[in-house]
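Reader: I'm new to reading protein models and would love a close look at one part of this one. Could you take me through it slowly, and then show me a few other spots?

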Amino acid sequence: MAIPRGLVLPERTSLARSTLIRMGVRIAVIIALSTLFSYLHIFNSFRKEALLQMEQSVRERSQREQAIFLLAEDNHTVLKKALEERIRFWNTQDPAPRFDSLFVRLPDGSTRNIPQGFDGTKVPGVIVPRDVPLTDSVRRRILAAYEVVSQYGPAFEVRFTNTGVLLPEGVLVGYWPEGATWFQDVEASFSFLPMEYLTRSLPENNPRREPVWTGIFEDTTSKTWMVTLATPLDIDGQHAATLTHDVLLDELMLRTIGDHLPGAYNFLVRDDGQLIAHPTVKMESGMGPYTIPAALGLPEGTAANEGTPEQRAHLSGVFERVKSRQPGQRVLEVPEFGEYIAMERLKGPGWTFVTVLPEHIVASAAIEASRYVLVFGLVSLLLELGIMSWVLRLQITRPLLTFTQASHKLEQGDFDVTLDIWREDELGQLARAFHQMAGEIQRREEALRQANEGLEQRVEERTQELKEAHRKLVETALQVGRAEIATNVLHNVGNVLSSVLISVMLAKERLTGLKLENVERVASLLEEHQADLSAFIRGDRRGQTALPFLNQLGKNLQSERKEIQLLLNDVTRHTEHIGAIVNLQQRYARTSHHLNEQVDLRALVDDALRINQAALGRHRVKVERILSDIPSVLTEKHKVLLILVNLISNAKYALDAVPEEERRLIVRIEQQVPGGQVHIEVKDNGVGIAPELLTRIFQHGFTTRQEGHGFGLHSSALAAQELGGSLRVHSNGPGQGASFILELPANAEPQGGQPHA
């Protein structure tokens, strides 16, 4: 016997090459996975370290940057106490002598410091606009503010550009060495009433009467950005004055933009989106502050400092994430922008210091570290492949060449092969096994030669046996099919015959109920008085009732005739249905051809209910129809009718255990999607079905009724499958009723399959 060529060992060069390639690929995969895992590990480590560093940085920066604002609030605490004491002191004094020695009303109507000898770098300046009346209360508060600012202003000037007191009437007392001449140069009509630091300190805008910080603004004189702290002072429930400090922001802005973590950038923002400092949004002189929500919808090129729409959208997205952070949350990941953000709120003005780190900064560092792992792995791979190539040639390729030559000898029928069977490794074991295989092949080839001689005769005998078994199997299948068809015919015909019997019995009861003997009595009575019939009808009480009786009798006979005709029509229709069932089942038995027609399902449901009408009425079942207006369906009419009759009949029996006044049957037709499947649901509130029986309800021969035979639901489910649809059941358990749903396609095509529950 020759060895198939598919079993010959590969050539030396292809075996070595394929082995090296496979091992190289495996090692390369391991190196790639190691590099990937190394990158992920390094990236996560760098990410954790970067987020920790960002959190620590914003915490330290916020503590450092908020110091000036907390100092301003502390200063105002001291100023507020001192000013209140001086106002209460002057409320007991006459302010006129002291006031007239310091201030004078000028020709423009304003009241200011006496110009002679006034030095704004040493003493506070005062401006009373011309529209402000100088009452004694105003004069006393001006003197008190002048003394307090004179005392504390020079000391605070080291950290704050100015110190001021603003009266709610619009009077300003301030120490501002850099604007020493401003109090003498400002217009007499200048009004402080619209200023934010005054309006935000009014009781209606600041009911808690606490220090408030204004938005940033540009000083028109020095062209520098600043923010003002305004602290209201109330005396005896009245707003007496507002203390102010201006804090310069230039250094804070420069530190925010220039002092940042490697690869990151910082920005300062107020809760309403007003930017304090940002590396790409420049605070241009004369342009006013930049507010993120207001700038988001501006078209490109509106202002030089607005940025592109993409930049504004990015800044708005980051700001929204900052606003929506959870309390106490300092670090967030923004995957839609590929960034990490860390934030910390500055005490005082309530600004938020934000650091943004692009994710690619962390990823690039991780990639750089992973590159070394990859290079080292590739060098190791090349070295390993060189060693493996030498070992394969020496230890495997040469011995395998000997096996190849031996296999060629076996292929040619030469069983005399010589191999090195004394090696102690796996190749030695293979050589010994090869020798044994050659001897076994030689023995089996002889045995096969002898067995082939009688093989044809045995095959012929076995073929005849199989043909006979196949013939018997076909006959058995035909008998089983005829039995199932006969069973379905008996079951369905039995259902319709019950309705026929009921209709005949009702017709018989109607005929029996006709009291025709009364007609005979009236006829006899009229015949007796035939000679004097007119006098009998007018004068005799019996004659007077005869004609009304005959009239009413005629009406009753007409009514009864209609009822009997309806019952006989039902008998005719039921009889036709019996014939249709028989024809249908005969068609099943002799052919698989389907006769489809356009069917009005609502009319078909009415026919099914009419077939079961007598039984439903006898069982006191209330029927509710919910029949949607749907187009006709292309299907087999009598198959659908067979299914519906079975379902309604089963529902009737399921309601026997329910009190008569509660028995309810619902028949619903709906099409959820135009052109989609049509659902016909038969639902009752009867005994229900246990969950463990739902999977068996459609099995052949399974039934829950003592007198049932288990054919109806099984045949109905098979018929639904053949119509291209399905029949399924739902029940919440015993006592909860059951719902059987017949699903039909809008244009049914014959199919095979099994029912499902």
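How many cavities of 30 Å³ or more does the count come to?

Author: Happy to, and keep in mind as we go that this is a predicted model. The count comes to one cavity of 30 Å³ or more. A quick word on how one looks for such a thing: rolling a probe the size of a water molecule over the atoms shows where empty space is left. Here, the largest cavity has a volume of about 30 Å³.

So who sits around that space? The lining of the largest cavity is made up of Thr161, Trp176, Glu178, Asp219, Ser222, Thr224, Met226 and Leu248. Sort those residues by class and you get three nonpolar, three polar and two charged. Try picking them out in the 3D view, starting with Trp176 and Glu178, which are both in that lining.

Two members of the lining, Met226 and Leu248, point us to a pair of strands, E8 (225–235) and E9 (238–248). In the loop between strands E8 and E9 you'll find Asp236. Asp236 has a positive phi of about 55°, although it is not a glycine. Is Asp236 buried or exposed? Its relative accessible area is 64%, so Asp236 counts as exposed.

While we're on backbone angles, look at Arg620 too. Its phi is near 60°, again a positive value in a residue other than glycine. Arg620 has its place in the loop between helix H17 (613–618) and strand E16 (622–627). Carry on along the chain and you reach Pro631, in the loop between E16 and strand E17 (633–635). Pro631 is exposed because its relative accessible area is 57%. From C-alpha to C-alpha, Pro631 is 8.9 Å from Val599, and the two are 32 residues apart in sequence.

Back to the stretch that follows strand E9. His260 is located in the loop between helix H7 (250–258) and strand E10 (265–269). With a relative accessibility of 37%, His260 counts as partly exposed. Setting aside residues up to four places away in sequence, His260 touches Tyr265 and Asn266. There's a long-range link to check as well: the C-alpha atoms of His260 and Met54 are 9.8 Å apart, with their positions 206 residues apart along the chain.

Now for a loop with two residues to compare. Ser731 is in the loop between E20 and E21, and Gly735 is in the loop between strand E20 (726–730) and strand E21 (738–744). Ser731 has 10% relative accessibility, so Ser731 counts as buried. Gly735, at 53% relative accessibility, counts as exposed.

What do these two touch? Leaving out neighbours within four places in sequence, Ser731 is in contact with Gly688, Ile689, Leu694, Gly737 and Ala738. With neighbours within four places left out again, Gly735 contacts Gly686, Val687 and Gly688. So Gly688 turns up for Ser731 and for Gly735. As for distances, Ser731 and Ile689 are 5.8 Å apart, C-alpha to C-alpha, and 42 residues apart in sequence. The C-alpha atoms of Gly735 and Ala690 are separated by 9.1 Å, and these residues are 45 apart along the chain.

Next, some helix pairs. Two packed helices are described by the angle between their axes and the distance between the axes. Take helix H2 (residues 67–90) and helix H4 (residues 136–156): their axes come within 8 Å and cross at roughly 145°. This crossing of H2 and H4 is right-handed. On the H2 side, the contact residues include Leu79, Leu83 and Trp90, while those on H4 include Leu143, Tyr152 and Phe156. By class, the contact of H2 with H4 has twelve nonpolar, one polar and four charged residues.

The other pair is helix H18 (residues 637–654) with helix H19 (residues 712–722), whose axes come within 9 Å and cross at roughly 145°. The crossing of H18 and H19 is left-handed. Among the residues making the contact are Leu642, Ile643 and Asn646 of H18, with Leu713, Ser715 and Ala719 of H19. The classes here come to six nonpolar, five polar and two charged residues.

Finally, step back to the whole chain. How many helices and strands does its secondary structure come to? There are 19 helices and 21 strands. Of the 757 residues in the chain, 41% are buried. And among contacts with a separation of 6 or more, 65% are between residues 24 or more positions apart.

Key
Residues are numbered from 1 along each chain as its sequence is written. This is a predicted model: local features need pLDDT of at least 70, side-chain atom pairs count only at pLDDT 80 or more; totals for chains, interfaces and linings use all residues. Side-chain values use heavy atoms; hydrogens and water are left out. On a 1 Å grid over the protein atoms alone, a cavity is a set of points where a 1.4 Å probe fits but cannot get out, and a pocket is an open set with protein on both sides within 12 Å along at least five of seven lines; lining residues have an atom within 4 Å of a point. Grid points are joined across faces, edges and corners, and a volume is the space filled by probe spheres set on the points. Ala, Val, Leu, Ile, Met, Phe, Trp, Tyr, Cys and Pro count as nonpolar, Asp, Glu, Lys and Arg as charged, and the others, Gly among them, as polar. Axes are lines fitted to C-alpha atoms, for helices over the stretch in contact, and angles run from 0 to 180 degrees between N-to-C directions. Helices (H or I, at least four residues) and strands (E, at least two) are DSSP runs, numbered from the N terminus. A crossing is left-handed if the near helix is turned anticlockwise from the far one by less than a right angle, and right-handed if clockwise. Contact means heavy atoms within 4.5 Å. Buried means under 20% relative accessible area, exposed over 50%, partly exposed in between (1.4 Å probe, protein chains only).
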